[in-house]
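Here's a quick tour of a few spots to look at while you have the coordinates open. We'll take a loop, a strand, a helix position and a cavity, one after another.

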Amino acid sequence: MGLGTWSWGNRFLWGYDETMDAELQEVFNLVVRNGINVFDTADSYGTGRLNGKSELLLGQFVREYPGSDRVRNNLHIATKFAAYPWRVLPGNVVAACKGSLRRLGLEQLSVGQLHWSTANYQPLQELALQAGLADCYEQGLVRAVGVSNYGPKQLEKIYAYLDKRGVPLSSAQIQFSLLSWGTAQQDLKSLCDDLGITVIAYSPLALGILTGKYSVEEGRLPEGPRGTLFKQLLPEVAPLVELVGEVARERGKTPSQVAINWCIAKGTVPIPGAKDLVQAKENLGALGWRLSEGEVAELDATAASLKKSMVQNIFQTQ
């Protein structure tokens, strides 16, 4: 399991405020002390003037971690380069990578990733993005390369291109959870297994729906756009949320821990986020045990029976 940092700097969806920074440093310290050493971020994370804030905070937290240099040197930072419309040349991706390195205070990224594919609406830009990612690897700016929001079709294309240049594709991020486990996820996971690519599961808690903390009937909904979405979706996915809760009670775990553990049982590396110490401690409880095959099968069946699922990322390609 890793830690996703989408909420760090994001006011619109996650209600970030600079007063949270001190506790976020404690969150970082806590998860590192408990063995988490993979952190995922992006150059686009952060709302408005806070664009890039997630990378800045992560770099600061690494530097100020009170532990040993041995632990600090074993931390792996993965970031994503947004396919902004002005990034139309391979050099633009290289410049983006160097910008991320500056914000993070690093000389090399563990993983540099394309945040999404432009193949659906700007195929020529997609070719430039692929070339730029390979250039980052060849220049030693990144130790490995990955992609995010690529479906099987586009993944095969970029895999073939990178392979010709001698660049191994190491990871593929996709929205992956009990509420995002349709054909796209299953086909991508199967292809990645065949190609030896690690699948990184982002939003493993489906923006928080799978935590069991929210209820339309009781008026417990998050603020902002998530509240609007949850009000529509919760009644439709209630059977799954209830089952996750039942499994959690039988296991002596929380619904969040069951949902994250399901992603691990599926052979992915989930990257749940954490805005505070309570969430971080809860996420850590997903480790050290494993759902049984029977529990996974029951969860799968209930998830497959739902008429609705989580809204998928608009940048997801085939």
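Let's start with the company that Ser177 keeps: beyond its neighbours within four places in sequence, it is in contact with Ser203, Pro204, Ala206, Leu210, Trp262 and Cys263. Bear in mind that this is a predicted model. The rest is sorted by topic below.

**Ser177 and its loop**
- Ser177 sits in the loop that links strand S6 (169–175) to helix H8 (183–195).
- Because its relative accessible area is 0%, against a cut-off of under 20%, Ser177 counts as buried.
- A polar atom of the Ser177 side chain is 3.0 Å from the backbone nitrogen of Leu179.

**Strand S3 and the strands beside it**
- S3 covers residues 76–81, and five of those six residues are buried, so the strand is largely enclosed by the rest of the structure.
- On one pairing, S3 runs parallel to strand S2 (residues 38–40), with three bridges between them.
- Within that S2 pairing, look for Ala78 of S3 opposite Asp40.
- S3 also pairs with strand S4 (residues 109–114), again in the parallel sense, this time over four bridges.
- Here Ala78 has Val111 of S4 as its bridge partner.
- To get from S3 to S4, the chain passes through helix H5 (residues 90–104), and the resulting β-α-β crossover is right-handed.

**Leu234 in helix H9**
- Leu234 belongs to helix H9, which spans residues 225–251.
- Is Leu234 buried or exposed? Its relative accessibility is 8%, which is under the 20% cut-off, so Leu234 counts as buried.
- If you leave out residues up to four places away in sequence, Leu234 touches Ile209, Tyr214, Ser215, Val216 and Leu221.
- For a longer jump along the chain, try Met310: it is 76 residues from Leu234 in sequence, yet their C-alpha atoms are 9.9 Å apart in space.

**The cavity**
- How many cavities of 30 Å³ or more does the structure hold? There is one.
- The largest cavity contains about 40 Å³ of space.
- Its lining is made up of Met1, Gly2, Leu3, Val31, Ile36, Ala280, Asn283 and Leu284.
- Which element gives the largest share of that lining? Helix H11 (residues 277–284) does, with three residues.

Conventions. Residues numbered from 1 in each chain as written. Predicted model: local features only at pLDDT ≥ 70, side-chain atom pairs only at ≥ 80, totals over all residues. Heavy atoms only, no water. Helix = DSSP H or I, 4+ residues; strand = E, 2+ residues; numbered from the N terminus. Buried < 20%, exposed > 50% of the residue type's maximum accessible area, 1.4 Å probe, protein only. Polar contact = N/O pair within 3.5 Å; in protein donor to acceptor, adjacent residues only side chain to side chain. Contact = heavy atoms within 4.5 Å. Pairing = 2+ DSSP bridges. Right-handed = clockwise from strand over helix to strand, strands pointing away. 1 Å grid on protein atoms, 1.4 Å probe; cavity = no way out; pocket = protein on both sides within 12 Å on 5 of 7 lines; lining within 4 Å. Points joined across faces, edges and corners; volume = space filled by probe spheres on them.
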